[in-house]
Amino acid sequence: MRIRRILAAVFATAALAGLGLTGAATATATAVTPASVTPGECTDGGGTIDRSTPVLPTCRGGMYDGQTVD
């Protein structure tokens, strides 16, 4: 009975450690997106350039939706 508890604790710890690693990888992957994109990146990502925004044009749709275009 004691061995079962120890094995259950080991498996639970390993499962929680695995969740921590995937969460860190996800956070790293999302932090890489640029603050602004080029017109070519916007259109290559499936978006269109919206020039009606007041300060800078904005990419609409696609991978870079909502980001400013330089």
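**A disulfide, a small core and a salt bridge**

Mentor: Happy to walk through this predicted model with you. By the rule that cysteine sulfur atoms must lie within 2.5 Å, the count comes to one disulfide.

Trainee: Thanks! Which residues form the disulfide, and how far apart are their sulfur atoms?

Mentor: A disulfide is a covalent bond between the sulfur atoms of two cysteines. Here the partners are Cys-42 and Cys-59. Their sulfur atoms are 2.1 Å apart.

Trainee: What is the handedness of the link between Cys-42 and Cys-59?

Mentor: Look at the rotation about the S-S bond, which is 90 degrees. The pair links distant parts of the chain, with Cys-42 in helix H2 and Cys-59 in strand S3, 17 residues apart. As for handedness, the link is right-handed.

Trainee: Are Cys-42 and Cys-59 buried or exposed?

Mentor: The cut-off to keep in mind is that a residue under 20% relative accessible area is buried. Cys-42 and Cys-59 are both buried.

Trainee: Which residues make up the largest nonpolar core?

Mentor: In soluble globular proteins, nonpolar side chains tend to be buried together. Cys-59 has contacts with residues beyond four places away in sequence, including Gly-47, Thr-48 and Gln-67. The largest nonpolar core has five residues: Val-37, Cys-42, Cys-59, Tyr-64 and Val-69.

Trainee: Why does Thr-58 count as buried?

Mentor: Thr-58 is found in strand S3. Leaving aside neighbours within four places in sequence, Thr-58 is in contact with several residues, among them Ile-49, Asp-50 and Val-69. Thr-58 counts as buried because its relative accessibility is 9%.

Trainee: Which residues meet in the salt bridge?

Mentor: Side chains of opposite charge can pair when their charged atoms come close. The structure holds one salt bridge, with an N to O distance of 3.3 Å. This pair also links distant parts of the chain, strand S2 and strand S3, ten residues apart. The partners are Asp-50 and Arg-60.

Trainee: Why do Asp-50 and Arg-60 count as partly exposed?

Mentor: Partly exposed lies between the 20% and 50% cut-offs. Asp-50 counts as partly exposed because its relative accessibility is 21%. For Arg-60, the reason is a relative accessibility of 36%.

Trainee: And in what order do the elements of the chain run?

Mentor: The chain has two helices and four strands. Of its 70 residues, 14% count as buried. Reading from the N terminus, the order is α-β-α-β-β-β.

Terms used. Residues numbered from 1 in each chain as written. Predicted model: local features only at pLDDT ≥ 70, side-chain atom pairs only at ≥ 80, totals over all residues. Heavy atoms only, no water. Buried < 20%, exposed > 50% of the residue type's maximum accessible area, 1.4 Å probe, protein only. Contact = heavy atoms within 4.5 Å. Core = buried A, V, L, I, M, F, W, Y, C linked by side-chain atoms within 4.5 Å. Salt bridge = Lys/Arg side-chain N within 4 Å of Asp/Glu carboxyl O.
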